[in-house]
Amino acid sequence: MWQRETFKKIKQIPREEHVLPGTALCAGCGGLEALRLAAKVLGDHVVYVNAAGCFTMLAAYPYTSFKGSWLYTTMGSAPAGAQGVRDALDVLIAKGRLPKSEDVKVVVLGGDGSTYDMALSSTSGALHRKLDFYYICYDNEAYGNTGMQLSPATPYAARTATSPCSVQHPAATTQEKKDIFEIWRAHRPPYIATVAPRYPLDLEEKFVRAAAFTGPKMFLALSACPTGWVYDPGETPEVAKLAVETGLWPLKEAINGVVTHTYIPKRKPVEAYLKLQGRFRHLFEPTVQTDAIRHIQERVDAYWQPVTKEQA
Amino acid sequence: MDSQMMTGNLAAAWGARLADVDYIPAFPITPQTEIVEALAKWCERGDLAARFVSMDSEHSMMTAAGAAEVAGARVFTATSSQGLLHAFEVLYSISGWRAPLVLVNVSRALAAPITLESDHNDVLAARDAGFLQIHAETCQEVLDSILMAYRIAEDERVMLPVIVNLDGFTLSFTREPVSLPDPDMVRRFLPPFRPSHLGFTASSPQALGVAVIGGTSYAYFRHQVHLAARNALEVHREAAESFHALFGRRYDLVEGYRLEDADDVLVMTNAGASKGKAAVDAARAQGQRVGLLRLRVVRPWPAEAIRQALRGRRGVAVLDQNLAPGQGGILYQEVAACLYHEVLRPQALCSFIGGLGGQNISAGEFQAIFEQTAEAGVAGTGLGPVLLYSAEEHREMTQLQMLAGGNA
């Protein structure tokens, strides 16, 4: 059974903030909450290497949300930017031009559009080269910064601006969400984890555990998105919680490829999660699309069946 | 100093080695590959104290190159053709980051149709990317230009990346005698890279490449890139004088060949200019007063040097080894623009397109260019764009079309 060792109580989470308030991001951004929590472990001695996406607005001249460094690269090559920065720091330290005390952690920040699509080659390259870096994907399951278009992270039956529900496609998105966790895991990096901000102790613990490894440390953060998923910003904690409690967003880690689920939900029916969000409203109104909802439930059940068997 | 026979590619690798670079992200592409192969070997053997990393694409390669440069390392990389275009958006980022790295481009024509041989549509596509561009004619010039490129790029008045261009095949795979500069003298010419304002460190963080909102700040930063590129004209002059004093070789923004009393002038770039010079010699032997102007630095655009060289000529022909479809020659347009306000501008400015994808330019074609340019000068009427394509080439193409099954 997976157990937290560093973070047992909520009071143990440091109060100091490393992502400063007053950003240009949407109210209720679940991704920002995940980053805020992650930064409590990562600290300020960090260079964030950013890919085009919502978080690009975290550093908008003349402001930045960080006391650490920032480099915006492109949508398709933030991991390669991380490679350049990490290598340069290593070379400068090895040549005595930079004291070791000046070293910083290199952290890629990319959304699901970048991570699942355009930067996949660049990520694969960094994983293959065993680059010593962190990768945080804030996954809001669509191209969010451009106004919620279909991405390969969009789940079946979610409505997006480019996968509307129609007579031909009453359930809207017909594809299943791409399994980026398994794509990453096929590269056997030392550490991969999924996190959700509504489970802060789980999240903090994973960043602490990751720090023990040299090499790629990959994080997939659920980023409940009031703007794109269409719910009230105040409901982000509830939506993020239900994503986990229905089993749709498994909390897990993979150390050198070996997967452990860090939280086993009792699994509420998926309707509880779907009903909260406007992007799934067409599944319930004007008529209930029973088949589509059952399909989602069956996929979740199929995912958890071997996991719960293992636990038992 | 002793000379060694080496290819343009090996000379480029020697340029990086003598510049004592720290970091080389690489990706193979013909005809550039020999450069990164040589550097990989030297890094492995410890001949060069740089980290060599095989990247997953040119797009990633250029991103890593720029990121390492702004982290404070001296960076070298190389590509060609499709690779340069695959990395295209990153070029603009690197100049915007003010990352003074050096990129060698080994010119190769662009698909489609896919080919390996040279023309300049690849490097000239990057003319607005904020990179400075030096186009080399000889293997020696490739090496020397890389050393000059680092000195100019890293100058605080410039702080911009540089492309050093050499022609695929004609220079990349051709051996010429190259004198290797003494490393101690290179260090006098090119001091170690110790930028005061670059780097991501714990004690002095910086945010780079950040978003701007609205045109005011965007325009400000891109204007800065332009003004810095213009500063490079003076910085190049200083570097050229210093290089000449130390190594005895002189490289200016443009090179004039037999221009003194020339009535008509042919304008070319890169290794093809060697053929042009031979054609000038042949025409001179027949009594024609012709010369050649080779554009060496293409960014910043050396407008004043071009005006000085072409002022008062009868006819001027720009031979572009590139094609802007629906327009003509890229360099022709730029030469024409900078002559507009010249009172003693040439009587005629002619445009010829030749040497696409490694296409040969024959002695007869050069002779025809000189004759037509002289006639145009006398008539006071420009010419072109003329697409060079000889009767022999047409016959060859007709045969190929018949083989391909078409009705030629």
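Biologist: Which residue of β7(B) is the bridge partner of Asn105(B)?

Modeller: Asn165(B) is that partner in β7(B). Keep in mind that this is a predicted model.

Biologist: How do the strands β5(B) and β7(B) run, parallel or antiparallel?

Modeller: Parallel, with six bridges between them. β7 of chain B covers residues 162-167. β5 of chain B covers residues 102-107.

Biologist: What pairs with β5(B) besides that, over four bridges?

Modeller: Strand β4 of chain B, residues 76-79. That pairing is parallel too. Thr77(B) stands opposite Leu103(B) there.

Biologist: Is β5(B) mostly covered or exposed?

Modeller: Mostly covered. Six of its six residues are buried.

Biologist: Which residues sit on which side?

Modeller: Val102(B), Val104(B) and Val106(B) lie on one side. Leu103(B), Asn105(B) and Ser107(B) lie on the other. Both faces of β5(B) are covered.

Biologist: What is the strand order in the sheet that holds β5(B)?

Modeller: The order is β4-β5-β7-β6-β13 in chain B. It is an open sheet of five strands with mixed pairing. The edge strands are β4 and β13, and each pairs on one side only. Neighbouring strands are turned by 25° against each other on average, direction ignored.

Biologist: Where does the antiparallel part come in? How many bridges join β6(B) and β13(B)?

Modeller: Two bridges, in the antiparallel sense. β6 of chain B is residues 132-135, and β13 of chain B is 297-299. Ile134(B) has Val297(B) as its bridge partner in β13(B).

Biologist: Zooming out. How many helices and strands does chain B have?

Modeller: It has 14 helices and 16 strands. The radius of gyration of chain B is 22 Å, close to the 22 Å that the globule rule gives for 408 residues, so chain B is as compact as a globular protein of that length. Its C-alpha atoms fill a box of roughly 70 × 55 × 55 Å along the principal axes.

Biologist: What share of chain B is buried?

Modeller: 54% of its 408 residues count as buried. Contacts within chain B also reach along the sequence. Take those between residues at least 6 apart: 81% of them join residues at least 24 apart.

Biologist: What about confidence? What pLDDT does chain B average?

Modeller: The average is 97 for chain B, and 99% of the residues score at least 70. The model scores ipTM 0.97 and pTM 0.97.

Biologist: Now the two chains together. How many residues does each give to the contact?

Modeller: Chain A gives 38 residues and chain B gives 37 residues. On chain A, the elements β2, α2 and α4 each supply at least two residues to the side that touches chain B. The largest share comes from α2(A), with ten residues.

Biologist: What's the make-up of that side by class?

Modeller: The side of chain A that touches chain B has 16 nonpolar, 17 polar and five charged residues.

Biologist: Which strand of chain B does β2(A) join?

Modeller: It joins β9 of chain B, residues 207-208. The two strands run parallel, with two bridges. Leu71(A) stands opposite Leu208(B) there.

Biologist: What sheet is β9(B) part of, then?

Modeller: An open sheet of nine strands with mixed pairing. The order is β8(A)-β7(A)-β5(A)-β6(A)-β4(A)-β3(A)-β1(A)-β2(A)-β9(B). The edge strands are β8 of chain A, residues 258-261, and β9 of chain B.

Biologist: How many bridges join β4(A) to β6(A) in the middle of that order?

Modeller: Seven bridges, and the strands run parallel. β4 of chain A is residues 133-139, and β6 of chain A is residues 216-222. Tyr138(A) stands opposite Ala221(A) in β6(A).

Biologist: Back to α2(A). Which strands does it lie across?

Modeller: It lies across β1, β2, β3 and β4 of chain A. α2(A) runs at about 170° to β3(A).

Biologist: And at what angle do α2(A) and α4(A) pack?

Modeller: At about 35°, with their axes 7 Å apart. From α2(A), the contact uses Pro79(A), Ala80(A), Ala82(A) and Gln83(A). From α4(A), it uses Ser122(A), Thr123(A), Gly125(A) and Ala126(A). By class, that contact has four nonpolar, four polar and no charged residues.

Definitions and conventions
Residues numbered from 1 in each chain as written. Chains lettered and ligands numbered in written order. Predicted model: local features only at pLDDT ≥ 70, side-chain atom pairs only at ≥ 80, totals over all residues. Axes fitted to C-alpha atoms, helices over the stretch in contact; angles between N-to-C directions. Contact = placed C-beta atoms within 7 Å. Nonpolar A, V, L, I, M, F, W, Y, C, P; charged D, E, K, R; others polar. Rg over C-alpha atoms; globule rule 2.2 N^0.38 Å. Buried ≥ 20, exposed ≤ 12 C-beta atoms within 10 Å, placed from the backbone. Pairing = 2+ DSSP bridges. pLDDT = per-residue confidence, 0-100.
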